[in-house]
Amino acid sequence: MKFALAVDSRIGGRSNNEDRFAMTCSTESVLLVVADGMGGHADGEVAAQIVVDVLTQQFREMAYPRVAQPRHFLNATIADAHQAILDYAIVQRLSEVPCTTVVAAIVQDDVLYCAYAGDSRLYLLDQGEVRFRSRDHSHVQRLIDSGFLNEVDAANHPARNRIYNCLGSVGEPDVAMVDPLPLLVGTSVVLCSDGLWGVVPDQELAKVFQGRAAPSVLPVLMNVAEKRAGDKADNLTALAFTLLAADTAIDGRVGFIDTALVPGFFAEEAMQAMIMEHELSAGLSSEPKA
């Protein structure tokens, strides 16, 4: 499998970054994860880190060279991550269990598998359109689904940050499982926290990825989102993946990966190196044009 990948995480206007992300791949399978530690809960960033650690560790144990049952894997490992958060709270004798959202995806055999809890989103973007978008587990999304609120007004609704489903909650999380989605060459997948999607409308997101691979879009897009949100910007995190044709020349370009050449598992440390190299080499001063 050949693909282009870009990752970015920024603190925004907050005192610390409670978002966490991970990417790792075997020769035939890719795992992408974004978790957003929930503000107002102690140790939200710890909960988010536990989630990405559990998912990546179990992926590395089971993806030889692919995950046998991706939907089951995502459901089971997210449940394990939830339990790991509860166990952490018990061991540390916390008065409050830390909470986090999660969105996770596996790509293999040109098919996308996804599961999530909360309002961190997954987008499937194809030819300038949103082919799929996960539905937030939020009070505002319920109002939209019931016809009491439209998407435009939802952006500024006072309850837009009220989440009813997450990991670390008192009850078992209701993990949403997305039906498998076929991927075509040139399609992009974006996983992100609400710091990005809260200020970038869906159609704008789709248009800036049209005809472009993830590394040429995401850094500039994150700059735009951070600037729009201003001094009170939330943490912003995104992973963007673009499926490439089998005959695409990789040529050592930053963010362009051929899994057949991956030594073992390609982990977050390599992603961080890619971020730094791309930011040093790219011009990040202008908005992407639709």
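**Close-up 1. Here we look at F59 and F73, both of them buried.** In this predicted model, the rings of F59 and F73 form an edge-to-face aromatic pair, with 6.3 Å from centre to centre and 75° between the planes. The pair links distant parts of the chain: F59 belongs to helix 1 (residues 44–62) and F73 to helix 2 (residues 70–91), and the two residues are 14 apart.

**Close-up 2. Next come F3 and F241, an aromatic pair of the stacked kind.** Their rings sit 4.8 Å apart, centre to centre, with 25° between the planes. F3 is part of strand 1 (residues 2–10) and F241 is part of strand 10 (residues 236–243), so this pair ties together parts of the chain that are 238 residues apart in sequence. Buried or exposed, F3 and F241? Both are buried. If you're keeping a tally, the model has 2 aromatic pairs.

**Close-up 3. This view takes in the largest nonpolar core, with its 29 residues.** Which members touch the most other members? They are L122, L191 and F241. Setting aside residues up to four places away in sequence, F241 touches a long list of residues, among them M1, A4, L5, V30, L32, V107, L183 and A214. T187, S188 and V189 are also on that list. There is a second, separate core too, made of 28 residues and including A35, F73, I78 and V102. As a rule, nonpolar side chains in soluble globular proteins tend to be buried together.

**Close-up 4. Strand 3 (residues 30–36) is shown here with the strands beside it in the pairing.** Strand 3 is largely enclosed by the rest of the structure, because 7 of its 7 residues are buried. V30, L32, V34 and D36 point one way from the strand, while L31, V33 and A35 point the other way. Strand 2 (residues 19–25) pairs with strand 3 in the antiparallel sense over 7 bridges, and T24 has L31 as its bridge partner. How many residues lie between strand 2 and strand 3 in their hairpin? There are 4. Strand 3 is also joined to strand 4 by 5 bridges, again running antiparallel. In that pairing, L32 stands opposite A105.

**Close-up 5. Zoom in on V33, a residue of strand 3.** V33 is buried, since its relative accessible area is 0%. Who is in contact with V33, once neighbours within four places in sequence are left aside? R20, F21 and A22 are, as are V52 and L55. V102, V103 and A104 are in contact with V33 as well, and L191 and L239 complete the set. For a sense of distance, V33 and I106 are 73 residues apart in sequence, yet their C-alpha atoms are 9.0 Å apart in space.

**Close-up 6. Strand 5 (residues 111–117) is mostly covered.** Buried residues make up 7 of its 7 positions. V111, Y113, A115 and A117 point one way, and L112, C114 and Y116 point the other way. Strand 4 (residues 102–108) pairs with strand 5 in the antiparallel sense over 7 bridges, and there V103 stands opposite Y116. The hairpin of strand 4 and strand 5 has 2 residues between the strands, and D109 takes a positive phi near 55° in it. Strand 8 (residues 176–182) is joined to strand 5 by 5 bridges, and those two run antiparallel. L112 of strand 5 faces L181 in strand 8, standing opposite it.

**Close-up 7. Two arginines sit over aromatic rings in these views.** R121 lies over the face of W197, 3.5 Å from the ring centre. In the other case, the charged end of R253 sits over the ring of F256, at 4.0 Å from the centre of that ring.

**Close-up 8. Finally, we step back to the whole protein, with its 8 helices and 11 strands.** How many of the 290 residues count as buried? The share is 54%. Looking at contacts between residues at least 6 apart in sequence, 74% join residues at least 24 apart. The protein exposes about 12800 Å², and carbon and sulfur atoms supply 51% of that area.

Note on methods
Residues are numbered from 1 along each chain as its sequence is written. This is a predicted model: local features need pLDDT of at least 70, side-chain atom pairs count only at pLDDT 80 or more; totals for chains, interfaces and linings use all residues. Side-chain values use heavy atoms; hydrogens and water are left out. A nonpolar core is a set of buried Ala, Val, Leu, Ile, Met, Phe, Trp, Tyr and Cys residues joined through side-chain atoms within 4.5 Å. Buried means under 20% relative accessible area, exposed over 50%, partly exposed in between (1.4 Å probe, protein chains only). Contact means heavy atoms within 4.5 Å. Accessible areas come from the Shrake-Rupley method with a 1.4 Å probe; for residues, only the protein chains shown count as cover. Two strands pair if DSSP finds at least two bridges between them. Rings of Phe, Tyr and Trp (its six-membered ring) pair if their centres lie within 6.5 Å; planes under 30 degrees apart count as stacked, over 60 as edge-to-face and the rest as tilted. A charge sits over a ring if NZ of Lys or CZ of Arg is within 6 Å of the ring centre and within 35 degrees of the ring normal.
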